[in-house]
Amino acid sequence: MTDRLYYRDSFLYDFDAEVREAADSPRPSLILDRSAFYPTSGGQIFDTGTVTAGDSQIKITEVADLEDGRVVHYFEAQDSVPHSFKPGMRIHGQIDATRRRDHMQQHSGQHVLSAAFIRLSNLHTVSFHMADDYCSIDLDTPTLTKAQVEGAERLANDIILENHPVEIRFVTREQAAQLGLRKPPRTERDELRIIDIKGIDVSACGGTHVNQTGQIGCILLRKFEKVRQGWRVEFVAGQRAVATARRDFIALTETATLFSAHIYDAPEQARKSLEEIRSLRKQREQSLEDLAAAQALSILAETAEENGRKVVVRTLADRDMNYLKLLAQKLTRTSTNVIALLATTSPQPALVFAQSAGQPFDMGALLKEVMAKLGGRGGGSKDMAQGGAPKAERFETALAEIAEKLL
Ligand SMILES: [Zn+2]
């Protein structure tokens with residue numbers, strides 16, 4: 001078993017220890033007789049830092065719990081400098097204090113928040129998750145309201161301001177049973193580590209915590225969403241809350257600047273813009289429809305009938321496939337004897353072939369034939385087919401060839 005120095009003092013950032021094991025594979029790792037490094041467990045993520053022995057220093061990049069109670073410290077192998085750690089060697093460990101303080105603020109923040117949800121709404125926390133950017137708790141409840149979330153945030157921040165002492169105690173299971181723990185302990189061990197936020201919350205927990213709730217700084221609740229077993233509430237505490245609020249402010253300011261509006265007016269401005277876009281889109285569709293109908297009439301008027309049919313061949317520019325389809329529909333539905341071979345050169349080179357219902361050709365087959373020559377792809381039904389080609393260069397010749405066949 002590794003003697004876990006963080007169990008008694010979360011503010012111990014450096015320590016001396018002795019190497020018990022040093023391995024190169026599967027990952028370079030160290031096991032020490034004692035360690036202040038926190039291994040990932042109980043929802044809290046690991047510490048990082050350095051281990052030094054003489055001239056040799058390594059960066060600890062991950063710390064994990066082994067089943068037999070030992071703590072394993074993983075480090076990055078440096079090919080050029082083989083590490084020289086051997087069992088029995090004395091080392092000095094240094095924890096990344098900024099990261100540790102952040103984890104203490106998040107984890108103690110979680111205990112306070114969980115207590116606040118119980119006190120206000122009798123909602124119990126079933127799990128806690130800490131990631132690099134945000135944290136979350138899952139509450140055992142079928143419903144959660146905005147008022148409950150805002151109430152818990154307010155109460156949690158009051159508890160932080162009241163600066164309650166946070167005590168670490170070790171008790172037997174029988175003693176623990178008398179303490180009214182927030183949640184039954186998960187471990188089978190005879191001795192339990194208790195985190196006691198005086199007057200607020202008593203929990204069995206192995207994590208690193210602040211000494212006074214004031215050191216949490218503040219807590220900011222973010223997204224809350226329904227999950228399989230209840231409701232998930234995301235939060236950030238301490239400096240992380242400040243950094244998150246800063247990021248939010250920057251994003252909101254950028255958005256507001258786009259609208260030349262105050263940040264609090266940004267949602268209303270965005271809503272107005274979306275409504276405007278929707279209405280303009282509708283108007284544009286109607287205009288294109290009208291334009292296609294007018295263009296179809298003018299094309300049909302200038303196209304002579306041959307063998308009882310009008311074969312329309314047109315190459316357009318700056319019209320998309322949708323407009324081409326619209327025009328093809330207007331052309332072939334206005335009369336019963338029209339065949340439309342349409343192309344657009346930009347923005348994307350594309351072809352649309354269509355015929356009035358009852359005409360004898362197969363537009364799908366004709367289009368495939370042309371596409372095979374142009375190196376494009378497409379298909380469709382007997383009366384309407386569409387496709388895209390990589391280049392528009394040979395469109396005119398290809399369309400003329402097809403038109404020839406149809407006459
Ligand atoms: Zn905990």
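Reader: How do the residues that line the largest pocket divide by type: nonpolar, polar and charged?
Author: Keep in mind that we're looking at a predicted model here. The largest pocket has 36 residues in its lining. They divide into 12 nonpolar, 13 polar and 11 charged.

Reader: What's the volume of that largest pocket?
Author: Its lining draws on several elements, and β1 (3-4), α1, β9 (125-130), β12 (191-197) and β13 (201-204) each supply at least two residues. The space enclosed by that lining comes to a volume of about 920 Å³.

Reader: Which residues lie nearest the centre of the largest pocket?
Author: Of the 36 lining residues, five lie nearest the centre. One of them, C205, is also a zinc donor through its SG atom. The five nearest the centre are Y7, T187, R189, C205 and G206.

Reader: Which residues are the protein donors of the zinc ion?
Author: Two of the donor atoms are NE2 and one is SG, at 2.1 to 2.3 Å from the zinc ion. In sequence the donors follow the spacing H-x3-H-x93-C. Put atoms and spacing together and you get H107, H111 and C205.

Reader: Why are H107 and H111 about one helical turn apart?
Author: Both histidines sit in helix α1, which covers residues 97-121. They're about one turn apart because their separation along this helix is 4 residues.

Reader: Is H111 buried or exposed, and what is its relative accessible area?
Author: Under 20% relative accessible area counts as buried. H107 falls in that class with a value of 2%. H111 is also buried, and its relative accessible area is 3%.

Reader: Moving on to the sheets, what is the strand order of the closed barrel?
Author: The barrel has 6 strands, and its pairing is antiparallel. On average, neighbouring strands in this sheet are turned by 45 degrees against each other, ignoring direction. The order runs β2-β3-β7-β6-β5-β8.

Reader: Which residue in β8 is the bridge partner of T52?
Author: β5 (residues 49-53) and β8 (residues 90-95) pair in the antiparallel sense over 4 bridges. In β8, G49 has I95 as its bridge partner. For T52, the partner in β8 is H92.

Reader: And which residue in β8 is the bridge partner of E18?
Author: Strand β2 (residues 14-23) runs antiparallel to β8, and 5 bridges join the two. The β8 residue that partners E18 is R90.

Reader: Which residues make up the uncovered face of β8?
Author: In a regular strand, side chains alternate between the two faces of the sheet. In β8 the covered face holds I91, G93 and I95. That leaves the uncovered face to R90, H92 and Q94.

Reader: Which strands stand at the edges of the open sheet?
Author: This sheet has 5 strands in the order β16-β17-β18-β20-β19, with mixed pairing. An edge strand has a single partner, so one of its sides is left without a neighbour in the sheet. The strands in that position are β16 (310-316) and β19 (377-380).

Reader: By how many degrees are neighbouring strands of this open sheet turned against each other on average?
Author: Within this sheet, β16 and β17 (residues 338-344) pair in the parallel sense over 7 bridges, and L316 stands opposite T344. Averaged over neighbouring strands and with direction ignored, the turn is 10 degrees.

Reader: How many residues are in the hairpin connection from β19 to β20?
Author: β19 and β20 (residues 384-388) run antiparallel and are joined by 4 bridges. G380 of β19 stands opposite A385 in β20. The number of residues through which the hairpin joins them is 3.

Reader: Which residue of β20 is the bridge partner of V352?
Author: β18 (residues 350-355) runs antiparallel to β20, with 5 bridges between them. A385 and G387 form the covered face of β20, while M384, Q386 and G388 are on the uncovered one. The partner of V352 is one of those uncovered residues, Q386.

Reader: What distance separates the C-alpha atoms of E234 and D55?
Author: E234 sits in strand β15 (residues 230-237) and is buried, at 13% relative accessible area. Along the chain, E234 and D55 are 179 residues apart. Their C-alpha atoms are separated by 43 Å.

Notes
Residues numbered from 1 in each chain as written. Predicted model: local features only at pLDDT ≥ 70, side-chain atom pairs only at ≥ 80, totals over all residues. Heavy atoms only, no water. Donors = N, O, S within 2.8 Å, 3.2 Å for Na, K, Ca; no water. Buried < 20%, exposed > 50% of the residue type's maximum accessible area, 1.4 Å probe, protein only. 1 Å grid on protein atoms, 1.4 Å probe; cavity = no way out; pocket = protein on both sides within 12 Å on 5 of 7 lines; lining within 4 Å. Points joined across faces, edges and corners; volume = space filled by probe spheres on them. Nonpolar A, V, L, I, M, F, W, Y, C, P; charged D, E, K, R; others polar. Pairing = 2+ DSSP bridges. Axes fitted to C-alpha atoms, helices over the stretch in contact; angles between N-to-C directions.
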